[in-house]
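Here is a short report on one protein chain. It moves from the whole fold to single residues.

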Amino acid sequence: LTAPDMIAFLNASNSSVSLGDSIYLKEIQNNEEKLNNSLVYVDFNKESSNNSNILSYNNLKTTGLYSVENNYDTSFKDIKLNPDDMHFLLFTSGTTGNSKGVCLSHKNICSNVFSIGSIVKVNTKTEIMSILPIHHTYECTLGYLLVVSSGGTISYLEGYKYYKKSNRYFLDI
């Protein structure tokens, strides 16, 4: 995504946290004056950071696991969600103009995952290579949520130019 797209999506979603890798987080930080909210940044690639404005995903995960294991804060376990409330905001690719936000509920997403799961059999031995952007509803549902919920493994392609044909993942049609 371009920096203007990222800023527009963050503003439209009223986000307060941005998770990503250094390259994209820096793009957002370079445009902070255009954001409606101040953000907390979580970098997937940093092990730790001296910059309090950028948190390390691994550090957060470790701290969270420690907190749960020692019963410091388990209030999240008691959160009740209405499955019909909007909890997902996916943005279209903007084929006919600007990207638009698509509001989906847990029920919408789970219904898709379960119905696809009855046709496409995925398990812990499943390995896929993702080539579509994760913000596509199809990729998010079939290429991510179905695989993760079934214990499969996903490899992400940095870009199509890095694609190397492999009989393991691709078939010639």
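**Overall picture**

Of the contacts in the protein with a separation of 6 or more, 38% are between residues 24 or more positions apart. The model is a predicted one. Its secondary structure comes to 5 helices and 7 strands. Along the sequence the pattern reads α-β-α-β-β-α-β-β-α-β-α-β. The protein has 173 residues, and 25% of them count as buried. About 12300 Å² is exposed, and carbon and sulfur atoms supply 54% of that area.

**Confidence**

Mean pLDDT for the protein is 83. A pLDDT of 70 or more is reached by 87% of the residues. Helix 1 (residues 3–12) has the highest confidence, at a mean of 91. Strand 4 (residues 86–91) has the lowest, at 84. Residues 169–173 stay under 50 in pLDDT. For this stretch the model has 7 contacts beyond four places in sequence. Where pLDDT is low, the predicted coordinates should not be read in detail.

**Helix 1 and what follows**

Which residues of helix 1 are buried? They are Ala3, Met6, Ile7, Phe9, Leu10 and Asn11. Their cover includes strand 1 (17–20), helix 2 (22–29) and strand 4.

Asparagine 11 deserves a separate note. This residue of helix 1 is among the buried ones. A polar atom of its side chain lies 3.0 Å from the backbone oxygen of lysine 34. Leaving out residues up to four places away in sequence, asparagine 11 touches Lys34, Leu35 and Asn36.

After helix 1 comes asparagine 14, with a positive phi near 60°. Asparagine 14 sits in the loop between helix 1 and strand 1.

**Positive phi outside glycine**

Asparagine 14 is not a glycine, yet its phi is positive. Asparagine 71 is another residue other than glycine with a positive phi. The table sets the two side by side.

| Residue | Phi | Relative accessible area | Place |
|---|---|---|---|
| Asparagine 14 | about 60° | 53% | loop between helix 1 and strand 1 |
| Asparagine 71 | near 55° | 56% | loop between helix 3 and strand 4 |

Why does asparagine 14 count as exposed? Its relative accessible area is 53%, and exposed means over 50%. Asparagine 71 counts as exposed too, because its relative accessibility is 56%.

**Helix 5**

Helix 5 spans residues 137–149. Its buried residues are Glu139, Cys140, Thr141, Leu142, Gly143, Leu146 and Val147. Strand 4, helix 4, strand 6 (127–130) and strand 7 (153–156) are included in what covers them. Strand 4 also appears in the cover of the buried residues of helix 1. Just after helix 5, glycine 151 takes a positive phi of about 85°.

**Histidine 87 in strand 4**

Histidine 87 lies in strand 4. Is histidine 87 buried or partly exposed? It is partly exposed, because its relative accessible area is 35%; the partly exposed class starts where buried, under 20%, ends and stops where exposed, over 50%, begins.

Histidine 87 is 18 residues from serine 105 in sequence. In space the two are 5.2 Å apart, C-alpha to C-alpha. Neighbours within four places in sequence aside, histidine 87 is in contact with Leu81, Asn82, Leu104, Ser105 and His106.

**The salt bridge**

How many salt bridges does a search of the whole structure find? It finds 1. Aspartate 84 pairs with lysine 107, and their closest N and O atoms are 3.7 Å apart. The pair links distant parts of the chain, 23 residues apart. Aspartate 84 is in the loop between helix 3 and strand 4, and lysine 107 is in helix 4 (residues 106–117).

**A nonpolar surface patch**

Val17, Leu19, Val40, Phe44 and Tyr57 form a nonpolar patch on the surface. Together they have about 410 Å² of accessible area. One of them, tyrosine 57, is found in helix 3 (residues 57–69). Tyrosine 57 counts as partly exposed, because its relative accessibility is 32%. Patch residues need over 30% relative accessible area, and tyrosine 57 has 32%.

Key
Residues are numbered from 1 along each chain as its sequence is written. This is a predicted model: local features need pLDDT of at least 70, side-chain atom pairs count only at pLDDT 80 or more; totals for chains, interfaces and linings use all residues. Side-chain values use heavy atoms; hydrogens and water are left out. pLDDT is the predictor's confidence in each residue, from 0 to 100. Helices (H or I, at least four residues) and strands (E, at least two) are DSSP runs, numbered from the N terminus. Contact means heavy atoms within 4.5 Å. Buried means under 20% relative accessible area, exposed over 50%, partly exposed in between (1.4 Å probe, protein chains only). Patches are made of residues with over 30% relative accessible area and no salt bridge: like charges are joined within 9 Å, nonpolar side chains (Val, Leu, Ile, Met, Phe, Trp, Tyr) within 5 Å. Accessible areas come from the Shrake-Rupley method with a 1.4 Å probe; for residues, only the protein chains shown count as cover. A salt bridge is a side-chain nitrogen of Lys or Arg within 4 Å of a carboxyl oxygen of Asp or Glu. A polar contact is a pair of N or O atoms within 3.5 Å; within protein, one must be able to donate a hydrogen and the other to accept it, and residues adjacent in sequence count only if both atoms are side-chain atoms.
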